[in-house]
Amino acid sequence: MTTNYNIITCDGGGIRGLITALLLNDLVSNPPQGSTSNILSNVNLFAGTSTGGIIAIGLSCGLTPLSLANVYETQCANIFQPYQSSGDSSALSQMGLPQISFDPCSWVAELCHVKYSNAGLYKVLSNALSAQVTPDTPLSKLTTSVLAVTLMMSDTSNNPWTPLALTNLPNSNYADVAIIDAAMCSSAAPLYFPPYAVPQAPATTRMWCADGGVVANNPSTFTLGNVLQSQVLQQQKKELSNIRLLSIGTGATIDYVSWPFLNAFANNCGMLMWLNPVTLGHEPSFPLMAAMFDGQAQIAHLEASNILGSSQYQRANPTLTQTINLDDCGAIQELKNVATAYIGSSEWANIKAWAYSNFI
């Protein structure tokens, strides 16, 4: 049993999860001089949101960071398979709403249906997980603790929507959820993928889930709260002072809405601006969702820093050089360049040294 309670958390960010996987691969394959241990074997809990949830689940199942990086590099087009509509000219009629002469669905399809089917994502994840375990293995059967963040949108008991930790930590109500379902729930990004229905949930309740990035794109403090609530520290005769948390992001963004636009058109920032599916300069597609994800990540970092301090908490998050949307398959090489540059930095060297000194 490790002396400290060691946690690695992974942010959401779609294809930008390649950065996380590459940093983790360097952490394992290029330890500081004099260090020989497989540091991941000392991790008590892998936690993540969205693409980070996928990485956390993969690591807890025994997949290597390199194999996860390979999934991002080779399977992006298979993950983001365009949604094919049923042929009905209007989604309004499918919702029981009256037809109107001006149908917005006819010119901005994303207003009425998701951008991608989740069938490709499900197949890619199933194939990847099958290298180590059966995809329908429940979280409770894993030997390493894992936590994937999601938003429960609806269930058969009509409970209010709420953030959920799909985890095998002690006292979890969701330990019987299959690993493939936990990964799909955590990564069901609004506007991009449809909500995901969990076949098995507590008792006979069936629930629909959306991407955990809606509530905790940086899952560090949400994870910390669940660790404390689970009583796992008490069970292992450890305290808050024993927690060591390494938070890994998917790249600090340089996104913003241009000052000249806001200066001239602030009153025009309605639905079409906030939900614009087109990338414009430094404004990402669907800027409302991007702003929520990025803002939450920064708040969680501030909170974790203040709660744990630098001796117990470190965060690795290289700065991106351009706007990269979560579905940008053309950005693979740029993501690799960003990760490579950060791996060569003194900041990353210091973080690795901290991890190898503290994950004991």
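**Enclosed space**

In this predicted model, start with the empty space that has no way out: the count comes to one cavity of 30 Å³ or more. Its volume is about 300 Å³. To centre the view on the cavity, select Thr51, Ile54, Tyr72, Leu121 and Ser187, which lie nearest its centre among the 27 lining residues.

Next, show helix 2 (51-60), helix 3 (65-79) and helix 5 (119-129) as ribbons, since each supplies at least two residues of the lining of the largest cavity. Colour that lining by residue class: 18 residues are nonpolar, eight are polar and one is charged.

**Open space**

Move to the largest pocket, which holds about 420 Å³ of space. Arg16, Gly251, Thr253, Phe293 and Asp294 are the residues to select, as they lie nearest the centre of this pocket, which is lined by 27 residues. Which helix gives the largest share of the lining of the largest pocket? Helix 12 (residues 287-308) does, with seven residues. Coloured by class, the lining of the largest pocket shows 10 nonpolar, 12 polar and five charged residues.

**Nonpolar cores**

Select Ile8 and Ile57. Within the largest nonpolar core, a set of 80 residues, these two touch the most other members. Helix 1 (residues 17-29) provides the largest share of this core, seven residues. Apart from it lies another core of 18 residues, including Tyr5, Ile7, Leu45 and Ile243.

Now zoom in on Ile57 and display its surroundings. Leaving aside neighbours within four places in sequence, Ile57 is in contact with Leu129, Val146, Ala148, Ile179, Ala182 and Ala183.

From there, go to Leu40, in the loop between helix 1 and strand 2 (45-49). Is Leu40 buried or exposed? Its relative accessibility is 14%, so Leu40 counts as buried, the cut-off being under 20%. Not counting residues up to four places away in sequence, Leu40 touches Ile8, Val28, Phe46, Leu59 and Pro65. Draw a distance from the C-alpha of Leu40 to the C-alpha of Pro65: the two are 9.9 Å apart in space and 25 residues apart in sequence.

**Aromatic pairs**

Show the rings of Phe, Tyr and Trp. The count comes to seven aromatic pairs. One of them is Phe80 with Tyr116, a tilted pair with 5.1 Å from centre to centre and 55° between the planes. This pair links distant parts of the chain, 36 residues apart: Phe80 sits in the loop between helix 3 and strand 3 (81-82), and Tyr116 in strand 4 (residues 116-117). Phe80 is buried, at a relative accessible area of 9%, and Tyr116 is buried with a value of 9%.

Select Trp354 and Phe359 next. Their ring centres are 5.9 Å apart and their planes stand at 65°, so the pair is edge-to-face; the label applies to angles over 60 degrees. Trp354 counts as buried at 10% relative accessibility, and Phe359 is buried with a relative accessible area of 2%.

Return to Phe80 and extend the selection. Ring pairs link Phe80, Tyr116, Tyr192, Phe193 and Phe286 into a cluster.

**A buried aspartate beside the cluster residues**

Keep Phe80, Tyr116 and Tyr192 on screen and add Asp327. Which residues does Asp327 contact, leaving aside neighbours within four places in sequence? They are Phe80, Lys115, Tyr116 and Tyr192. Asp327 is found in the loop between strand 10 (313-316) and helix 13 (332-343). With a relative accessible area of 10%, Asp327 is buried.

**Two positive phi angles**

The last stops concern the backbone. Most residues other than glycine have a negative phi. Select Asn171, in the loop between strand 6 (162-167) and helix 6 (179-186). Asn171 has a positive phi of about 70° although it is not a glycine. In a surface view, Asn171 counts as exposed, at 63% relative accessibility.

Then select Gln231, in the loop between helix 8 (220-230) and helix 9 (232-235). What is the phi of Gln231? It is near 70°, a positive value in a residue other than glycine. Gln231 is partly exposed, with a relative accessible area of 35%.

Definitions and conventions:
Residues are numbered from 1 along each chain as its sequence is written. This is a predicted model: local features need pLDDT of at least 70, side-chain atom pairs count only at pLDDT 80 or more; totals for chains, interfaces and linings use all residues. Side-chain values use heavy atoms; hydrogens and water are left out. On a 1 Å grid over the protein atoms alone, a cavity is a set of points where a 1.4 Å probe fits but cannot get out, and a pocket is an open set with protein on both sides within 12 Å along at least five of seven lines; lining residues have an atom within 4 Å of a point. Grid points are joined across faces, edges and corners, and a volume is the space filled by probe spheres set on the points. Helices (H or I, at least four residues) and strands (E, at least two) are DSSP runs, numbered from the N terminus. Ala, Val, Leu, Ile, Met, Phe, Trp, Tyr, Cys and Pro count as nonpolar, Asp, Glu, Lys and Arg as charged, and the others, Gly among them, as polar. A nonpolar core is a set of buried Ala, Val, Leu, Ile, Met, Phe, Trp, Tyr and Cys residues joined through side-chain atoms within 4.5 Å. Buried means under 20% relative accessible area, exposed over 50%, partly exposed in between (1.4 Å probe, protein chains only). Contact means heavy atoms within 4.5 Å. Rings of Phe, Tyr and Trp (its six-membered ring) pair if their centres lie within 6.5 Å; planes under 30 degrees apart count as stacked, over 60 as edge-to-face and the rest as tilted.
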